[in-house]
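Q: I should like a close look at one part of this model, the sheet, together with what surrounds it. Please treat it as one connected description.

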Amino acid sequence: MTNKNNHDGEGNTSHHIQQRPIVNSIKQSLQKIFPDLGVDNKSLDHPSGKNYNIAAKFLTGTLAFYTTSFFSQLLQYKVFKMSTGTRPAVLPIMMGGATVMVGSAVGHLSGVGVQACWNREGVNDVGRLRMGIEAMRKSVVGMKYIFEREDTLTRAEKRERREVWFHFAGVCILGLLTYKTILRSHFTSLSPSSYTARGSFARIGIPAPSNFNYATSSQRSQLERIGRTWGCHTCGSRMFFSNLSKRDWNKPRFHGDHIPPVSVAKQLNERWYRKKFGWKVSQKFYPQCRDCSNKQGGLLSKAIHAGHRNLRSVGGGEESYFHGGRLRIGHLTGGVVAVSTVGLGTEPGVVEDSRQHVRALWVSVVNAAKDLSDRVWSW
Ligand SMILES: [Zn+2]
């Protein structure tokens with residue numbers, strides 16, 4: 001008789017890393033939203049098996065999200081010619097939101113696949129792989145009913161259609177919540193960086209004076225601190241190695257970049273409606289590395305020389321900075337979704353189990369909503 005039901009280790013974490021807000025936020029939110037994370041381990045017989053299972057789902061989910069966001073950014077870069085500077089500004093935000101939703105759904109599916117081929121005694125690798133793929137197929141197959149005529153569907157098919165869409169809507173919204181509130185990421189982080197707009201890596205900016213002056217020395221030291229923490233707002237580089245050869249660790253590594261750049265702001269201020277109503281473009285400083293600053297300067301002076309009428313669009317599209325291959329904290333969304341929306345049951349029943357899991361998560365999310373509401377949509 002093994003009747004150990006130890007519930008230890010519940011409230012004794014998250015008191016010692018106060019200076020790391022993101023790590024803290026992840027820990028606290030995970031504990032609040034997913035208190036029952038992997039409690040049902042009956043089918044995974046030895047204790048470390050459960051940890052391996054969770055780690056495997058987390059890794060494949062993260063990889064699935066990473067791959068999704070890589071291809072999303074490639075699509076934006078090559079096909080849609082989009083960047084963080086694309087107008088109206090809601091376009092890159094919507095593109096980012098859609099990427100997070102697809103990435104979450106794919107992350108969830110990869111978790112279902114891992115779970116279905118887990119711990120199969122007496123089945124070879126090919127057979128396990130086939131079981132994983134079959135479970136993933138079973139998980140989405142009901143979606144096709146939306147393309148079929150209502151009167152050709154049986155009652156069971158209609159129920160399956162409703163379940164599968166409800167389920168994936170839940171998975172996507174959980175992904176969005178994870179991305180925004182737990183991992184505190186921006187949707188525009190998933191677009192290529194425009195050289196003349198707020199870049200994908202921008203976190204904190206400092207309001208710039210309206211006289212187009214450069215940053216003051218106190219603003220520059222503030223920007224230097226922001227840059228060393230979050231990196232260049234365009235390419236994300238923290239410039240760790242920039243001054244190594246000179247052995248001067250304290251030499252500034254970042255420029256205070258006007259966003260929008262001065263020439264862009266001046267051109268915008270000349271538009272008739274801005275002149276008529278006296279609207280001035282407001283600018284902010286963001287830390288930018290030397291390479292990106294030079295690139296921006298080159299692109300703009302070439303465009304000004306050519307008499308470009310809309311300088312704001314310079315440095316976007318194919319001129320923007322592609323960073324799809326870089327790992328971002330937001331990619332962990334796929335891992336969090338894969339672990340939290342797939343149970344520990346085995347086949348047959350992984351798909352039904354994951355649906356129940358999402359339903360149960362909804363209850364937890366609603367309960368946690370009050371706590372989270374002040375962090376939501378904080379961009
Ligand atoms: Zn840079």
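Which residue in β3 stands opposite Ile-259?

A: Ile-259 faces Lys-284 in β3. The model is predicted, so local features are described only at pLDDT of at least 70 and side-chain atom pairs only at pLDDT 80 or more, whereas totals for chains, interfaces and linings use all residues. Residues are numbered from 1 along each chain as its sequence is written. Strands here are DSSP runs of E with at least two residues, helices are runs of H or I with at least four residues, and both are numbered from the N terminus.

The pair Ile-259 and Lys-284 belongs to the contact between β2 (255–259) and β3 (residues 284–288), which are antiparallel and joined by five bridges. Two strands count as paired if DSSP finds at least two bridges between them. In the same pairing, His-258 has Phe-285 as its bridge partner in β3. Phe-285 also stands opposite Ile-206, a link to β1 (206–207). β1 and β3 run antiparallel and are joined by two bridges. The result is an open sheet of three strands in the order β1-β3-β2, with antiparallel pairing. β1 and β2 are the edge strands, each pairing on one side only.

Burial of β3 can be stated with a cut-off. A residue is buried if 20 or more other C-beta atoms lie within 10 Å of its own, exposed if 12 or fewer do, and partly exposed in between, with C-beta atoms placed from the backbone. By this criterion β3 is mostly covered, four of its five residues being buried. For the protein as a whole, 39% of the 379 residues count as buried.

A helix lies over the sheet. α6 (217–230) lies across β1, β2 and β3 and runs at about 55° to β3. The angle is taken between N-to-C directions, from 0 to 180 degrees, using axes fitted as lines to C-alpha atoms, for helices over the stretch in contact. Leu-223, Glu-224, Ile-226 and Gly-227 are buried in α6, and the buried residues of this helix pack against β1, β2 and β3. Contact means that two C-beta atoms, placed from the backbone, lie within 7 Å. An α-helix has 3.6 residues a turn, so residues three or four places apart point the same way. The length of α6 agrees with expectation: its 14 residues should span 20 Å at 1.5 Å a residue, and its end C-alpha atoms are 20 Å apart. That expected span is 1.5 Å times one less than the number of residues. Just after α6, Gly-231 has a positive phi of about 90°.

The loops that flank these elements hold further backbone features. Most residues other than glycine have a negative phi, and most peptide bonds are trans. Ile-259, with which the question began, is joined to Pro-260 by a cis peptide bond with omega of about -10°, and Pro-260 lies in the loop between β2 and α7 (262–269). In the loop between β1 and α6, Phe-212 has a positive phi near 65° without being a glycine. Phe-212 is partly exposed, with 13 other C-beta atoms within 10 Å. Ahead of β1, Arg-184 occupies the loop between α5 (155–182) and β1; its phi is positive, about 50°, although Arg-184 is not a glycine. Arg-184 is also partly exposed, having 18 other C-beta atoms within 10 Å.

Ile-259 also has a place in the packing of the protein. A nonpolar core is a set of buried Ala, Val, Leu, Ile, Met, Phe, Trp, Tyr and Cys residues joined through C-beta atoms within 7 Å. The largest such core has 31 residues, and those with the most contacts inside it are Ala-105, Val-112, Ala-116, Ala-135 and Val-171. α2, α3, α4 (125–140), α5, α10 (332–341) and α11 (350–372) each supply at least two residues of this core. Ile-259 belongs instead to a second, separate core of 17 residues, which also includes Tyr-195, Cys-292 and Tyr-321.

In the overall arrangement, the protein has 11 helices and three strands, and along the sequence the pattern is α-α-α-α-α-β-α-β-α-α-β-α-α-α.
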